[in-house]
Amino acid sequence: MMRVMLFAYPAWHSLSPAMHNAAFASLGLDARYTAREVPPEALPEAVEELRQPDCWGANVTIPHKESIMGLLDALSAEARAVGSVNTIVRRGSELEGHSTDVSGFLKALADLRVDLAGRRVLLLGAGGAGRAVAYALLLSGIGELVLHNRTRERAERLRDDFAGLGEIRVIGDEELCECGPRSQLVINSTSVGMMREGVRTDETPLPAGDLPKEGAVVDLVYRPAETRLLREAKAAGLKTQNGLPMLVYQGAESFSMWTGHTAPVELMRREARRMLAS
Ligand code: NAP
């Protein structure tokens, strides 16, 4: 039996085992995906295990997406640009790091059907997910990317790292009320609004009054399925999308990398939804 692992810390909240195991079964693949709780000090040893011939690779999530880069043999251009890895693929005894968050986000955005050509996008958050989203947006022909992060220096670092790809305007709290309403799309890539240890927080990264006048709001958070941000955006008549489509698409691409098969995306989506509802 082939193995795929998820390295996380903590790992309780992951939908990926259900999604991937259902996909393996539907294609008749003799493989198993398991989530492993790996504290930072145990990461090097966990990575070495991936070199075994019965491992296809792994997914990596908080807090390992950046620190794992130095433990791999090769990085894709995207992983290097974004500065994080969410998928590891074993080729022979070599381990390659990839970021399927970039294409996962772009596919999810395409489902939303908003015309962003020449339009302003407000991105909240400059962590690992924020970097993948900023990279994807800069490659997709938007007009202006405005970035807000609680820790301003982190947003400025992202802006400077991506200077060759396009322009990013970093704003402070006081500019949100001006930039939000004039954006065509707002994306929350912060963890604000996310359930903590199963408890809803009902916090929002953007006050309802600062939402766009028209367009869409995407929240990368998928637990809860409807955050306060999305609830308020829906009430304001905006299109909304939670983090589930991105999660499914990034998983589908990882699945194809490990197995060489086209992923059963609709089955993976159904399985992820079922897990969220349970
Ligand atoms: P990360 O690297 O730890 O970054 C966390 C981000 O949230 C930073 O921008 C941080 O700001 C901000 N933040 C945290 N607490 C905050 C608070 N109380 N007030 C304001 N800002 C706060 O994490 P990540 O990997 O980017 O993940 C961020 C979110 O995206 C998580 O909810 C994760 O589940 C979600 N995500 C979803 C997908 C998907 O497929 N749907 C993929 C990746 C991530 P500072 O810089 O100031 O700390």
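**Close-up views of the ligand site, a helix pair and unusual backbone geometry**

**View 1. Backbone contacts of the ligand through Leu-247, Ser-191 and Gly-128.** A backbone N or O atom of Leu-247 is placed 3.3 Å from an oxygen atom of the ligand. The model shown in this and the following views is predicted. For Ser-191, a backbone N or O atom likewise lies 3.3 Å from a ligand oxygen atom. At Gly-128, a polar backbone atom is 2.9 Å from an oxygen atom of the ligand. On its own the ligand has 920 Å² of accessible area, of which the protein covers 79%.

**View 2. Residues surrounding the ligand.** The ligand is surrounded by 22 residues. Ala-129, Asn-149, Thr-151, Arg-154 and Gly-243 are the closest of these. Arg-154 belongs to helix H6, where it takes part in the contact with helix H5.

**View 3. Packing of helix H5 against helix H6.** Two packed helices are described by the angle between their axes and the distance between the axes. Here, the axes of H5 (residues 128–138) and H6 (residues 152–161) come within 11 Å and cross at roughly 35°. The crossing of H5 past H6 is right-handed. On the H5 side, the contact is formed by Gly-128, Gly-130, Arg-131 and Ala-134, which meet Arg-154, Leu-158 and Asp-161 of H6. By residue class, the contact comprises three charged, two polar and two nonpolar residues. Gly-128 of this contact also supplies the polar backbone atom 2.9 Å from a ligand oxygen atom.

**View 4. Cis peptide bonds preceding Pro-10 and Pro-224.** Most residues other than glycine have a negative phi, and most peptide bonds are trans. Tyr-9 and Pro-10 are joined by a cis peptide bond with omega of about 5°. Pro-10 is situated in the loop between strand E1 (2–8) and helix H1 (16–26). The bond from Arg-223 to Pro-224 is also cis, with omega near 10°. The loop that holds Pro-224 runs between strand E11 (216–219) and helix H8 (228–235).

**View 5. Positive phi at Arg-113.** Although Arg-113 is not a glycine, its phi is positive, at about 50°. The residue Arg-113 occupies the loop between helix H4 (101–112) and strand E7 (120–124).

Methods. Residues numbered from 1 in each chain as written. Predicted model: local features only at pLDDT ≥ 70, side-chain atom pairs only at ≥ 80, totals over all residues. Heavy atoms only, no water. Axes fitted to C-alpha atoms, helices over the stretch in contact; angles between N-to-C directions. Helix = DSSP H or I, 4+ residues; strand = E, 2+ residues; numbered from the N terminus. Left-handed = near helix turned anticlockwise from the far one by under 90°. Contact = heavy atoms within 4.5 Å. Nonpolar A, V, L, I, M, F, W, Y, C, P; charged D, E, K, R; others polar. Near = heavy atom within 4 Å. Polar contact = N/O pair within 3.5 Å; in protein donor to acceptor, adjacent residues only side chain to side chain. Areas by Shrake-Rupley, 256 points an atom, 1.4 Å probe, with all protein chains shown as cover.
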